[in-house]
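Hi everyone, thanks for having me. Please pull up the structure on your screens, and we'll walk through it together.

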Amino acid sequence: MPKLNLDTIPQSNRTGYPAEYADKVAGRWYRRLGPAGGLTQFGVSHVTLKPGAWSAQRHWHAGEDEFVVMLAGEAVLVDDSGETVLRPGDCAAFPMDDGNGHVLQNRGDTDCVFIAVGRPSTSDCHYPDIDMHLGADGRYRRKDGSEF
């Protein structure tokens, strides 16, 4: 049956970020819906941000489009244009290679929930605000190329 039961899909708050950058996403919980539904061409995640949590460090992808749909609560989208409040029903699109770093931040006192769609990427991910870069090899390094 195509309908997915969220209660049967494991929730995780795992991150690959080096310890000094992981605190912002400690309250980010996600379920990987793509694998649960047998999808292989794009990824879909059901994400909950606890109050104070960020979706990621502010970033942009060299080879991956991203799209989010807000389901509940409120998040502040921070990108190169400034700050935009996203509420249930709002959508945001992040084209690959545009260089516009983005992050969703839950600045409220209740959970915020959204769906994130992207393509499993093997391309670079850039973090304009911090000394971190994710290479196509899936390894985090400092911008000078040194390892964490």
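Let's start with a definition: a residue is called buried when its relative accessible area is under 20%, exposed when that is over 50%, and partly exposed in between. Keep that in mind, and remember that what you're looking at is a predicted model.

Now try it on Tyr 127. Buried or exposed? Its relative accessibility is 4%, so Tyr 127 counts as buried. Tyr 17 comes out at 9%, so that one counts as buried too.

Okay, aromatic pairs. How many does the structure hold? There are four. In one of them, Tyr 17 meets Tyr 127 edge-to-face, with 5.9 Å from centre to centre and 85° between the planes. Tyr 17 sits in the segment before helix H1 (19-22), while Tyr 127 is in strand S10, so this pair ties together parts that are 110 residues apart in sequence. These two also belong to one aromatic cluster with Tyr 140.

Another pair is Tyr 21 with Phe 148: the ring centres are 6.1 Å apart and the planes are at 90°, so we call the pair edge-to-face. Where do they come from? Tyr 21 lies in helix H1 and Phe 148 in the segment after S12, so parts 127 residues apart in sequence get tied together. Tyr 21 has 14% relative accessibility and so counts as buried, whereas Phe 148, at 34%, counts as partly exposed.

On to the sheets. One is an open sheet of five strands, in the order S1-S2-S9-S4-S7, with antiparallel pairing. Why do S1 and strand S7 (91-94) have a side without a neighbour in the sheet? They stand at the edges with a single partner strand each, so one side of each is left free of a neighbour there. From one strand to the next, the twist averages 20°. Look at S4 and S7: four bridges join them, and Val 68 stands opposite Ala 92 in S7.

There's also an open sheet of four strands, S3-S10-S11-S12, again with antiparallel pairing. Its edge strands are S3 (60-61) and S12 (140-141). Strand S11 (residues 132-134) pairs with S12 over two bridges, and Leu 134 stands opposite Tyr 140, the tyrosine from our aromatic cluster.

Last stop: the largest pocket, with about 1200 Å³ of space. It is lined by 45 residues, and the closest to its centre are Arg 28, Arg 32, His 61, Glu 64 and Glu 66. By class, the lining has 22 nonpolar, 17 polar and six charged residues.

Thanks for listening!

Notes: Residues are numbered from 1 along each chain as its sequence is written. This is a predicted model: local features need pLDDT of at least 70, side-chain atom pairs count only at pLDDT 80 or more; totals for chains, interfaces and linings use all residues. Side-chain values use heavy atoms; hydrogens and water are left out. Two strands pair if DSSP finds at least two bridges between them. On a 1 Å grid over the protein atoms alone, a cavity is a set of points where a 1.4 Å probe fits but cannot get out, and a pocket is an open set with protein on both sides within 12 Å along at least five of seven lines; lining residues have an atom within 4 Å of a point. Grid points are joined across faces, edges and corners, and a volume is the space filled by probe spheres set on the points. Ala, Val, Leu, Ile, Met, Phe, Trp, Tyr, Cys and Pro count as nonpolar, Asp, Glu, Lys and Arg as charged, and the others, Gly among them, as polar. Axes are lines fitted to C-alpha atoms, for helices over the stretch in contact, and angles run from 0 to 180 degrees between N-to-C directions. Rings of Phe, Tyr and Trp (its six-membered ring) pair if their centres lie within 6.5 Å; planes under 30 degrees apart count as stacked, over 60 as edge-to-face and the rest as tilted. Buried means under 20% relative accessible area, exposed over 50%, partly exposed in between (1.4 Å probe, protein chains only).
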